[in-house]
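Hi everyone, thanks for coming. Let me put the structure up, and then I'll walk you through a few things in it.

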Amino acid sequence: FELLDATGLLGDILPEVAAMKGVEQPPEFHPEGDVWTHTLMMLERMRNPSVTLAMGVLLHDVGKPRTFRVADRIRFDQHAEVGADMAVEIMQRLRFSNSETRRVEALIRNHLRFKDVRNMRESTLKRFMRMEGFDEHLELHRLDCAASHGWLDNYDFIQRKLAEQPPE
């Protein structure tokens, strides 16, 4: 992606990703800097990802440029929902399969739900953990945290909850 950017092709192929460059984030949650830097850091941390996880990582914050605003701090209201809709358009434009598109859309639409896992009712949490492809959702969350504030408390909480669940 850095090579695509350096050659000027990123804006032609993925203008929505190119738009992430220079979009600042609240430093208390994202000391690494702008959305582009954060995304590159996540991509660098991936190890043998599936196609859907890789696209989910690339596009998880694609809605931030469109939803950027400054109030009491920098905010990106509804960026997950906006980004999920944008990802569907991007995935279709790039001719990904319908199943891959649905998975990436779900990854993006649900990536902020992890912040609420400790406050979820037990039944809601179990339903969340039974989502199709939950392992990818969890890995996206881990990468997101590792490439920003570094807080893995909710990731560890979910890991403990998964270990407590019976195999069925």
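How many aromatic pairs does a search of the whole structure find? Five, and please keep in mind that we are looking at a predicted model. One aromatic cluster is made up of Phe114, Phe128 and Phe134. While we are on rings, have a look at Phe76 too: Lys64 lies over its face, 4.7 Å from the ring centre.

Now to the pockets. The largest one holds about 750 Å³ of space. Its lining counts 26 residues, and those closest to the centre of the pocket are Phe29, His30, His79, Leu112 and Lys115. Which helices and strands supply at least two residues each to that lining? Among them are strand S2, at 74-76, and helix H7, at 79-93. Further along the chain, helix H10 (134-146) and helix H11 (153-164) do so as well. As for the chemistry, the lining divides into nine nonpolar residues, eight polar and nine charged.

My last stop is helix H5, residues 51-59. Is H5 mostly covered or mostly open? Mostly covered: seven of its nine residues are buried. If you'd like to find them on the screen, they are Thr52, Leu53, Met55, Gly56, Val57, Leu58 and Leu59. And what covers these buried residues? The surroundings include helix H3 (15-18), helix H4 (35-45) and helix H8 (98-110). H7 and H10 are also part of that cover, and both of those helices came up earlier, in the lining of the largest pocket.

That's my tour, thank you, and I'm happy to go back to any part of it.

Key: Residues numbered from 1 in each chain as written. Predicted model: local features only at pLDDT ≥ 70, side-chain atom pairs only at ≥ 80, totals over all residues. Heavy atoms only, no water. Phe/Tyr/Trp six-rings, centres within 6.5 Å; stacked < 30°, edge-to-face > 60°. Lys NZ or Arg CZ within 6 Å of the ring centre and 35° of its normal. 1 Å grid on protein atoms, 1.4 Å probe; cavity = no way out; pocket = protein on both sides within 12 Å on 5 of 7 lines; lining within 4 Å. Points joined across faces, edges and corners; volume = space filled by probe spheres on them. Helix = DSSP H or I, 4+ residues; strand = E, 2+ residues; numbered from the N terminus. Nonpolar A, V, L, I, M, F, W, Y, C, P; charged D, E, K, R; others polar. Buried < 20%, exposed > 50% of the residue type's maximum accessible area, 1.4 Å probe, protein only. Contact = heavy atoms within 4.5 Å.
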